Amino acid sequence: MQLTTLPDTTTPGATSTWAGTTVTEDREQFDRMVADLVPCRSNDPELWFAERQAEVERAKALCRGCPLVEGCLAGAVERAEPWGVWGGQVFVGGVVVPTKRGRGRPRKDAAAA
């Protein structure tokens, strides 16, 4: 099964193309169908917005096996997501960055001097 889009992008309360059901019903049906296939639906959602580098890397690793990774990344780029892990990539300020820098001031070390 290849999934390419999420029903979250439709207007709330609108009638969808799935046999005249509402968007809320569609989301619930979609969530049940993909709960085991999509890691962001079956793990703690806070993981995708974590501050610690280890948790961010874990979220990125979970995304790699997701069947929606391409659509998720494309949607995040289009929306210029302000932050978080989307489609296996880290977004900061609406831009994909290679790694997320921790909070606070960078550590001083001998290499920087």
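Here is a chat about ring pairs, charges and a cavity in a predicted model.

Trainee: Why is the pair of Phe49 and Trp83 called edge-to-face?

Mentor: Look at two values: the ring centres are 5.0 Å apart and the planes meet at 65°. Centres within 6.5 Å make a pair, and planes over 60 degrees apart count as edge-to-face. So both tests are passed, and edge-to-face is the name for Phe49 and Trp83.

Trainee: Which parts of the chain does that pair link?

Mentor: Phe49 is in the loop between helix 2 and helix 3, while Trp83 belongs to strand 1. They are 34 residues apart, so you can call these distant parts of the chain.

Trainee: What makes Phe49 and Trp86 an aromatic pair?

Mentor: Again, check the centres: 6.0 Å, with 75° between the planes. The limits are within 6.5 Å for a pair and over 60 degrees for edge-to-face, so this one fits too. Together, ring pairs link Phe49, Trp83 and Trp86 into a cluster.

Trainee: Is Trp83 buried, exposed or partly exposed, and how do you know?

Mentor: Its relative accessible area is 40%. Buried needs under 20% and exposed needs over 50%, so Trp83 is partly exposed.

Trainee: How do you know that the charged end of Arg79 sits over a ring?

Mentor: That charged end is 5.3 Å from the centre of the Trp86 ring. The distance has to be within 6 Å, and there is a limit on direction as well, within 35 degrees of the ring normal. Arg79 counts as sitting over Trp86.

Trainee: What makes Arg79 and Glu81 a salt bridge?

Mentor: Their closest N and O atoms are 2.7 Å apart. The cut-off is within 4 Å, so the two form a salt bridge. As for accessibility, Arg79 is partly exposed at 43%, whereas Glu81 is buried at 14%.

Trainee: And why does the pair of Glu57 and Lys60 count as a salt bridge?

Mentor: Here the closest N and O atoms are 3.5 Å apart, which is within 4 Å, so the name holds. Both residues are in helix 3, 3 residues apart, or about one helical turn.

Trainee: Why is Lys60 called buried?

Mentor: Lys60 has 10% relative accessibility, and buried means under 20%, so the label follows.

Trainee: Which residues line the largest cavity?

Mentor: Among them are Trp48, Phe49, Trp83 and Lys100. By class, the lining has 7 nonpolar, 1 polar and 1 charged residues. Strand 1 gives the largest share, 3 residues, and the volume is about 40 Å³.

Note on methods. Residues are numbered from 1 along each chain as its sequence is written. This is a predicted model: local features need pLDDT of at least 70, side-chain atom pairs count only at pLDDT 80 or more; totals for chains, interfaces and linings use all residues. Side-chain values use heavy atoms; hydrogens and water are left out. Rings of Phe, Tyr and Trp (its six-membered ring) pair if their centres lie within 6.5 Å; planes under 30 degrees apart count as stacked, over 60 as edge-to-face and the rest as tilted. Helices (H or I, at least four residues) and strands (E, at least two) are DSSP runs, numbered from the N terminus. Buried means under 20% relative accessible area, exposed over 50%, partly exposed in between (1.4 Å probe, protein chains only). On a 1 Å grid over the protein atoms alone, a cavity is a set of points where a 1.4 Å probe fits but cannot get out, and a pocket is an open set with protein on both sides within 12 Å along at least five of seven lines; lining residues have an atom within 4 Å of a point. Grid points are joined across faces, edges and corners, and a volume is the space filled by probe spheres set on the points. Ala, Val, Leu, Ile, Met, Phe, Trp, Tyr, Cys and Pro count as nonpolar, Asp, Glu, Lys and Arg as charged, and the others, Gly among them, as polar. A salt bridge is a side-chain nitrogen of Lys or Arg within 4 Å of a carboxyl oxygen of Asp or Glu.
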